[in-house]
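Here are my notes on the structure you sent round. Please read them with the coordinates open.

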Amino acid sequence: MTDHRTRVLREDELRAASTLFRAALHIKPAPDEEWDRTRHAYQPGRTLGVFDDALIGTARSTDSDLTVPGGAPVRSAAVTGVGVRADRTRRGVLTELMRAQFEDFAERGVIAANLWASEGPIYGRFGYGVATHGRSSTVNRRQAVLRPDVPPGGEVELIDVDAARTVLAESYARISRRSGMMARPDHWWNYFDGALRRGDDPVTIAVHHGRHGVDGFVVYRVGRTAGGPGVLTVEDLHYDDTAAFAGIWRYLLSVDLVDEISLVYRPLDEPVDLLFTDPRACRVTGGGDETWLRLLDVPAALAARRWAGEPLVIEVMDPVLEHNTGRYLLSQDGAVRTDEPSAVRLGVDALAMAYLGGWRPSALARAGRLWFAQPATARVADQLFAAHAAPWCGTFF
Ligand SMILES: CC(=O)SCCNC(=O)CCNC(=O)[C@H](O)C(C)(C)COP(=O)(O)OP(=O)(O)OC[C@H]1O[C@@H](n2cnc3c(N)ncnc32)[C@H](O)[C@@H]1OP(=O)(O)O
C-alpha cells in the first residue's frame, strides 16, 4: 500500500472512526446521546486510522486477559471496530491496519488477540483461527418443565440499570472462568452500560444470590411482534456453579407473558436441555464460530497453558510473525523451544484453533490443517491439547 499514513487517532478523531466503522457495517452514525456513552468504550491510544486525503480505515483494541486451559490469565487484546471505507476496500488498508496493530501489541507485550469476525474469510490470512464456538437455541417455556432433581437454587433479585454495571462487574470478576473467557475491562463495562440503555424493548437485569453474594446474573429483553409469541432474549448470562445455573433457570421459566426463551451463542456443552423433563423443549436453532484467536507470542502462549499426557514436539509456521516459527516441546512440565524433530506440523492459525481445546488436532489433520509425522501421534496430540470444558468467550465486543 502506498500514499497512505497510518497512526493512532486523537480523542477528537474517535467519532469519525466510529462513523466509518458503522458505515462499513451499514449502520447509521451514533446519535449524540449514544456517542456520549460509546466514546467511553474506547481505550485511549488504541484506535488506529489509515488516511489518504481523509480517514479511510480504522481498527481498535482494548486490553484484556484471556483464560487458557489450566486457568491462567494470558495478557491479551480484544480487537474490534475494524472497517474500511467502501470506496477504498481491497487495496491493502486492512492489511496495513493488522500490521500496525501487531506492532503495537508486540510493544505492549500482548501475548494473544481475539475478535468476533463479521465474515469468515477475513482474518485467517493474518494468523487468526476459530478458537471458540457458540450454540443458539430456543426454549419453549410452556413445554419446559424442570426435572425434580434440578437443585432449588438461591434467591433471584431484579436490579436497575444504574446499579447493573457495578454489581455485574464485581460478580463477573469473581465467577470461575472456562477457557476462552476474558476479563472485562472498564472500557468494556462502559460499552455494556451504553448497550443496556439502547433498544426499544426494556432491559431486565436479574442477579442470583449464593452463599457468598451475587454468583450469577442474567440480562434479557422481552419482545412481542403483533400476534406473535412473547420472546425473552438472553443477552448476557453468567453463573459460578450448579445452584446459580438452576436458580437462574427457575427464574427465567417463571417470567410471565413469555412463550419462548431465546439463547444466543451459549457454550456448546451447556446442559440446558437436560434441565427439562422433555429435553426437546430446548431446540438448537443455530450457532458457529464465536471468537477468533491470534497467538502473537507463541512461546509465551504455549508456556501459559496446561498440557496433559505424553510429551510431543510440534513445529509451528507463522509467515506473518516469523519469530514464532519454530519447534516446541510440549509436556506436563511446560513448553520450550527445541531442535528435536517434530511429530506435528501446523500453521499458527491452526495452533490458535487447537490452543483452547476447541478443535482436536486429529480433526484439524482430517481437514488438512495439521500434519502428523506418524498417524499414531494423533492420540497423543489430542490428549495433550484437550480442555476440561468447551472453550467459550461469552463476552461480545
Ligand atoms: C473485528 C471486527 O471489527 S469485524 C468487522 C470487520 N469489518 C467489516 O466487515 C466491515 C465491512 N468490510 C470492510 O470494512 C473491509 O472490507 C474489510 C475490513 C473486511 C477488509 O478491508 P480491505 O482493506 O478491503 O482488506 P485488504 O485489502 O487489506 O484485504 C486483504 C486480503 O483479504 C481479502 N479480503 C478482505 N476482506 C474480505 C472479505 N470480506 N471477504 C473475502 N476476502 C476479503 C482481500 O481480497 C485481500 O486478499 P488478497 O491479498 O488475496 O488480494
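The points below go from the domains to single elements.

1. Status and layout. This is a predicted model. The domain assignment splits the chain into domain 1 (5-110), domain 2 (135-287) and domain 3 (298-385). Taken over C-alpha atoms, the centres of domain 2 and domain 3 lie 36 Å apart.

2. Helix 3, dimensions. Helix 3 covers residues 93-108, 16 residues in total. From first C-alpha to last it reaches 23 Å. That is close to the 22 Å expected at 1.5 Å a residue.

3. Helix 3, two sides. Which residues of helix 3 are buried? They are Val93, Leu94, Leu97, Met98, Gln101 and Phe105. Seen down the helix axis, the buried residues fall within an arc of 130 degrees, so they line one face of helix 3. An α-helix has 3.6 residues a turn, so residues three or four places apart point the same way. Glu103 and Glu107 are on the other side of helix 3, and they are exposed.

4. Helix 3, neighbours. What do the buried residues of helix 3 pack against? Their partners are strand 2 (47-51), strand 3 (55-67), strand 4 (73-84) and strand 5 (112-115). Check the backbone just after helix 3 as well: Gly109 has a positive phi there, about 70 degrees.

5. Strand 7 and its partners. Strand 7 (residues 133-140) pairs antiparallel with strand 13 (residues 282-289) over seven bridges. In that pairing, Ser136 stands opposite Gly286. Strand 7 also runs antiparallel to strand 12 (residues 260-266), joined by five bridges. Here Asn140 has Glu260 as its bridge partner.

6. The five-stranded sheet. Five strands form an open sheet with mixed pairing, in the order 17-16-15-18-19. Strand 17 (334-337) and strand 19 (370-372) are the edge strands, each pairing on one side only. From one strand to the next, the twist averages 25 degrees. Strand 16 (residues 326-331) and strand 17 run antiparallel and are joined by four bridges. Tyr328 stands opposite Arg337 of strand 17.

7. Helices on that sheet. Helix 8 (residues 348-355) packs on the sheet and touches strand 15 (312-317), strand 18 (344-347) and strand 19. The direction of helix 8 makes about 105 degrees with that of strand 18. Helix 10 (residues 377-385) also packs on the sheet, touching strand 15, strand 16, strand 18 and strand 19. The direction of helix 10 makes about 80 degrees with that of strand 15.

Key
Residues are numbered from 1 along each chain as its sequence is written. This is a predicted model: local features need pLDDT of at least 70, side-chain atom pairs count only at pLDDT 80 or more; totals for chains, interfaces and linings use all residues. Helices (H or I, at least four residues) and strands (E, at least two) are DSSP runs, numbered from the N terminus. The expected span of a helix is 1.5 Å times one less than its number of residues. A residue is buried if 20 or more other C-beta atoms lie within 10 Å of its own, exposed if 12 or fewer, and partly exposed in between; C-beta atoms are placed from the backbone. The arc is that of the directions from the helix axis to the C-beta atoms. Two residues are in contact if their C-beta atoms, placed from the backbone, lie within 7 Å. Two strands pair if DSSP finds at least two bridges between them. Axes are lines fitted to C-alpha atoms, for helices over the stretch in contact, and angles run from 0 to 180 degrees between N-to-C directions. Domain bounds come from an automatic or database domain assignment.
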